[in-house]
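Subject: Structure handover

Hello,

Please find the structure below. My notes on it follow, beginning with a question.

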Amino acid sequence: MPWPNCDICEKPAFMVAASPMGPISLAYCEECLDAKRENWNVLVGGLIGYEKGTEADWVKPIIEATLKFYNKTEDELWAEVKTTTEEYYSTMKGEIEG
Ligand SMILES: [Zn+2]
C-alpha cells in the first residue's frame, strides 16, 4: 500500500492516527499534527449536535487551527455544522419512520 498523503494539507503523511473528532483514522503530516489541524469534513462531522459555545474546551484549539488552515471563519464553521446536524437528524428520522 502506498504511504498516504496528509488528509488535511495533502503533503506526504507522517503518521496515521485516530482523529480526536470521532471514530475515524486520518493521515497527518508532522506540520498538521503539531498545529492540531483536522480535516474539515471530519471536524464538521465531529461537531454534529453542538452549537457555537457548547463545544468542549479541548476542541477549541483544533477549531482555531483548522479555521486558520482552511481560511474560514468561526461563523462559516458553525453554519455548516448546523446544516450537517439538520441533515443528520432528518436522515435518522427517515430511518426510524421507514
Ligand atoms: Zn498536513
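Is asparagine 71 buried or exposed, and how many other C-beta atoms lie within 10 Å? Asparagine 71 is exposed, because only 12 or fewer such neighbours are allowed for that class and it has 7 other C-beta atoms within 10 Å. Please keep in mind that this is a predicted model.

Asparagine 71 sits in the loop between helix 3 (60-70) and helix 4 (74-97). Its phi is positive, about 60°, although the residue is not a glycine.

Glutamate 10 is another non-glycine residue with a positive phi, in this case about 70°. Glutamate 10 belongs to the segment before strand 1. It counts as exposed because it has 12 C-beta neighbours inside 10 Å.

Overall layout

The protein chain has 4 helices and 2 strands. Read along the sequence, these elements follow the pattern β-β-α-α-α-α. The C-alpha trace spans about 45 × 30 × 20 Å along its principal axes. Of the 98 residues in the protein chain, 19% are buried. Among contacts with a separation of 6 or more, 39% are between residues 24 or more positions apart.

The strands

Strand 1 (residues 15-18) and strand 2 run antiparallel and are joined by 4 bridges. Together the two strands form a hairpin, with 6 residues between them. One of the pairings involves valine 16, whose bridge partner in strand 2 is alanine 27.

The cores

Alanine 27 also belongs to the largest nonpolar core, which has 8 residues. The other members of that core are Cys6, Ile8, Ala13, Leu26, Tyr28, Cys29 and Cys32. Strand 2 (residues 25-28) gives the most to this core, with 3 residues. Apart from this core lies another one, of 5 residues, including Leu43, Val44, Ile62 and Val81.

Which residues does cysteine 6 touch, not counting those up to four places away in sequence? With that exclusion, cysteine 6 touches Lys11, Ala13, Ala27, Tyr28, Cys29 and Cys32. Of these, Ala13, Ala27, Tyr28, Cys29 and Cys32 are listed with cysteine 6 in the largest nonpolar core.

To recap the two positive phi values: glutamate 10 is at about 70°, and asparagine 71 is at about 60°. Glutamate 10 is exposed, and so is asparagine 71.

Regards

Definitions and conventions: Residues are numbered from 1 along each chain as its sequence is written. This is a predicted model: local features need pLDDT of at least 70, side-chain atom pairs count only at pLDDT 80 or more; totals for chains, interfaces and linings use all residues. A nonpolar core is a set of buried Ala, Val, Leu, Ile, Met, Phe, Trp, Tyr and Cys residues joined through C-beta atoms within 7 Å. A residue is buried if 20 or more other C-beta atoms lie within 10 Å of its own, exposed if 12 or fewer, and partly exposed in between; C-beta atoms are placed from the backbone. Two residues are in contact if their C-beta atoms, placed from the backbone, lie within 7 Å. Two strands pair if DSSP finds at least two bridges between them.
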